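User: Please take a close look at one residue of this model and at its backbone, and then work outward to the salt bridges, the contacts and the largest pocket. I would like one connected account.

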Amino acid sequence: SRYNAIIVPNSGQRLDKDDNFKHLKLDSIGIFNFAVKEVPESICNLLKTKNLDVREIDYFVLHQANKVIN
């Protein structure tokens, strides 16, 4: 539903030679808010669904290059 938070506009179509290359666009605040609010909630919901305690998990491996978010 929030596909446009990280997107390269017009990347799914052939561009004419006169078109400008469209750069990656990021909604930094939206991505940050998603990462710090919804990801932990999703992890907690998964643990609850699987009847696991967070102390039973040795590592969570998340792809995120931002140290503050991690």
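Analyst: Asn51 is exposed, since its relative accessible area is 71% and the cut-off for that class is over 50%. The model is a predicted one, and what follows should be read with that in mind. Along the chain, Asn51 belongs to the segment after α1, and the feature that singles it out for a close look is its backbone, where phi is positive, at about 60 degrees, although the residue is not a glycine. As background, most residues other than glycine have a negative phi.

The setting of Asn51 can be given in terms of the whole chain. The protein chain contains two strands and one helix, and these elements follow one another along the sequence in the pattern β-β-α. The helix, α1, covers residues 28–49, and the segment after it is the one that holds Asn51. With regard to burial, 6% of the 70 residues of the protein chain count as buried. The chain exposes about 6,800 Å², and carbon and sulfur atoms supply 53% of that area. Among the contacts between residues at least 6 apart in sequence, 26% join residues at least 24 apart.

Turning to the charged side chains, the count of salt bridges comes to three. One of them joins Asp53 and Arg55, whose side chains meet with an N to O distance of 2.8 Å. The two partners fall into separate accessibility classes, because Asp53, at 28% relative accessibility, counts as partly exposed, whereas Arg55, at 72%, counts as exposed.

A salt bridge also joins Arg2 and Glu38, with 2.9 Å from N to O. This pair links distant parts of the chain, as Arg2 lies in the segment before β1 and Glu38 in helix α1, 36 residues apart. Arg2 is partly exposed, with a relative accessible area of 47%, and Glu38 is likewise partly exposed, at 27%.

A further salt bridge is formed by Glu41 and Lys37, whose closest N and O atoms are 3.2 Å apart. Glu41 and Lys37 are four residues apart in helix α1, so about one helical turn separates them. Glu41 counts as partly exposed at 41% relative accessibility, and Lys37 is partly exposed too, with a relative accessible area of 47%.

The contacts around the strands add a further part of the picture. Ala5 is placed in the segment before β1 and counts as buried, because its relative accessibility is 16% and the limit for burial is under 20%. Leaving aside neighbours within four places in sequence, Ala5 is in contact with Lys25, Leu26, Asp27 and Ile31. Of these partners, Leu26 lies 21 residues from Ala5 in sequence, while the C-alpha atoms of the two residues are 5.5 Å apart.

Lys25, another partner of Ala5, sits in strand β2, which covers residues 25–26. In contrast to the buried Ala5, Lys25 counts as exposed, at 51% relative accessibility. When residues up to four places away in sequence are not counted, Lys25 touches Ala5, Ile6, Ile7 and Pro9. The C-alpha atom of Lys25 is also separated by 6.0 Å from that of Val8, a residue 17 places away along the chain.

The largest pocket brings the helix back into view. About 520 Å³ of space lies in this pocket, and of its 21 lining residues the closest to the centre are Ile31, Phe32, Phe34, Ala35 and Gln64. One of these, Ile31, is also a contact of Ala5. Helix α1 gives the most to the lining, with ten residues. By residue class, the lining divides into twelve nonpolar, seven polar and two charged residues.

To return to the starting point, Asn51 combines a positive phi of about 60 degrees with an exposed position, at 71% relative accessible area, in the segment after α1.

Technical notes: Residues are numbered from 1 along each chain as its sequence is written. This is a predicted model: local features need pLDDT of at least 70, side-chain atom pairs count only at pLDDT 80 or more; totals for chains, interfaces and linings use all residues. Side-chain values use heavy atoms; hydrogens and water are left out. Buried means under 20% relative accessible area, exposed over 50%, partly exposed in between (1.4 Å probe, protein chains only). Contact means heavy atoms within 4.5 Å. Accessible areas come from the Shrake-Rupley method with a 1.4 Å probe; for residues, only the protein chains shown count as cover. On a 1 Å grid over the protein atoms alone, a cavity is a set of points where a 1.4 Å probe fits but cannot get out, and a pocket is an open set with protein on both sides within 12 Å along at least five of seven lines; lining residues have an atom within 4 Å of a point. Grid points are joined across faces, edges and corners, and a volume is the space filled by probe spheres set on the points. Ala, Val, Leu, Ile, Met, Phe, Trp, Tyr, Cys and Pro count as nonpolar, Asp, Glu, Lys and Arg as charged, and the others, Gly among them, as polar. A salt bridge is a side-chain nitrogen of Lys or Arg within 4 Å of a carboxyl oxygen of Asp or Glu.
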